[in-house]
Amino acid sequence: MKYIYDLHRIMIQEDLILVYEGEFTQEITKSVLSMTERNMESMGEESSIKRKVFNVMVECLQNICKHAEEAIEDAPNSAIFIVGKRDEEYVITSGNPIRNDKIALLSAKLDQINGLDKEGLKNLYKEIIRNTELSEKGGAGLGFVDMARKSGQKLEYDFHPVTEKTSFFSLQTRVSRMAGMEV
Amino acid sequence: MEIINLEGAEDTPKIILDKSNGIFEISGRSLPEDTAEFYRPILDWLSRYAQTPNSKTQFTFKLEYFNTASSKLILDILAKLEAIPGTTVEWYFHEDDEDMEEAGGEFSELVEVPFDFKAY
């Protein structure tokens, strides 16, 4: 039973206020959102920060929901979602398995977003909303752009090889708790 | 015309579309599981309304939060309103919610409908 203590210790060391591992659905999304909202509420978090965290969480969770349906052979079809809270920032992290053939497109998209400043992100947002139809899964292709805009920070990401065909995609977004400190 | 009156929920907005009383309003939170499906009846209603609209249509958005998939559908609603003469949009935002204010500003740049911005 030592893993329980280890997990507990890691959560405290890393300042994690929420960890969810498993299947992602709209119902789970709503629960995770309301738990985190209540947590921020009880800590007396500023409403502008609460809104930004909520915003980034929704896009992140709905991304996982939409892409979780893609069956991946020989890889567990479950994802992880983590919210960390430090003195200076919230850290919203997701991790899910993806097929290796999707990595190139995904990293190109994220690099493009990370290469843009505030004005560039605004223009990209307008371009996508004007010219793109909702995908079959209901995505507008705006999630990452919105996460970058609302957080005012770069999206950190990583692909960890799992099998010959799959990798684990981790995405981390930070929301500053220091007013006016956004880039 | 029939009245659309949807109770809001934690992931869907409250919506009232009432031609005879001149009330057109979307408020609350919008992050439905299937955004296109959720907004389809609203867009259909607006298409029918556009055939015999009131002389003035004041459409109110008082959203606390909307996700990116909803933003696409909000633009679709605005595109319908664009074609209805005498339409104005009232865009409410919480006084410390710069993102919601900015979002309204961006929508107003994407369509040819006059926007009134109101802080609450």
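These are my notebook entries on chain A and chain B of a predicted model.

**Entry 1: chain A as a whole**

I began with the secondary structure of chain A, where I counted six helices and five strands. Following the sequence from its start, I wrote down the order of these elements as α-β-α-α-β-β-α-α-α-β-β. I then looked up burial, and found that 45% of the 183 residues of chain A count as buried. For the contacts in chain A with a separation of 6 or more, I noted that 67% come from residues 24 or more positions apart.

**Entry 2: helices α5 and α6 of chain A**

Next I turned to one helix pair, α5 (residues 118–131) and α6 (residues 143–151) of chain A, which pack at an angle of about 150° with their axes 10 Å apart. Since angles over 145 degrees count as roughly antiparallel, I entered α5(A) and α6(A) as roughly antiparallel to each other. I recorded the crossing of α5(A) and α6(A) as left-handed. On the α5(A) side the contact is made by Leu121(A), Lys122(A), Leu124(A), Tyr125(A) and Ile128(A), and on the α6(A) side by Val145(A), Asp146(A), Ala148(A) and Arg149(A). Sorting the residues of this contact between α5(A) and α6(A) by character, I got six nonpolar, three charged and no polar.

**Entry 3: Thr12 of chain B**

Moving to chain B, I located Thr12(B) in the loop that runs between β1 (4–6) and β2 (14–18). Is Thr12(B) buried or exposed? Its relative accessibility is 15%, and because the cut-off for buried is under 20%, I put Thr12(B) down as buried. Leaving aside residues up to four places away in sequence, I found that Thr12(B) touches Arg29(B), Pro32(B) and Phe38(B).

**Entry 4: Asp34 of chain B**

I then looked up Asp34(B), which sits in the loop between β3 (23–30) and α1 (35–49) of chain B. With a relative accessibility of 40%, Asp34(B) counts as partly exposed, whereas I had noted Thr12(B) as buried. Which backbone nitrogen lies 3.2 Å from a polar atom of the side chain of Asp34(B)? I found that it belongs to Glu37(B), and I also noted the backbone nitrogen of Ala36(B), at 3.4 Å from a polar atom of the Asp34(B) side chain. As a last distance in chain B, I looked up the C-alpha atoms of Asp34(B) and Asp96(B), which are separated by 29 Å, the two residues being 62 residues apart along the chain.

Definitions and conventions:
Residues are numbered from 1 along each chain as its sequence is written. Chains are lettered from A and ligands numbered from 1 in the order in which they are written. This is a predicted model: local features need pLDDT of at least 70, side-chain atom pairs count only at pLDDT 80 or more; totals for chains, interfaces and linings use all residues. Side-chain values use heavy atoms; hydrogens and water are left out. Axes are lines fitted to C-alpha atoms, for helices over the stretch in contact, and angles run from 0 to 180 degrees between N-to-C directions. Helices (H or I, at least four residues) and strands (E, at least two) are DSSP runs, numbered from the N terminus. Angles under 35 degrees count as roughly parallel, over 145 as roughly antiparallel, 65 to 115 as roughly perpendicular and the rest as oblique. A crossing is left-handed if the near helix is turned anticlockwise from the far one by less than a right angle, and right-handed if clockwise. Contact means heavy atoms within 4.5 Å. Ala, Val, Leu, Ile, Met, Phe, Trp, Tyr, Cys and Pro count as nonpolar, Asp, Glu, Lys and Arg as charged, and the others, Gly among them, as polar. Buried means under 20% relative accessible area, exposed over 50%, partly exposed in between (1.4 Å probe, protein chains only). A polar contact is a pair of N or O atoms within 3.5 Å; within protein, one must be able to donate a hydrogen and the other to accept it, and residues adjacent in sequence count only if both atoms are side-chain atoms.
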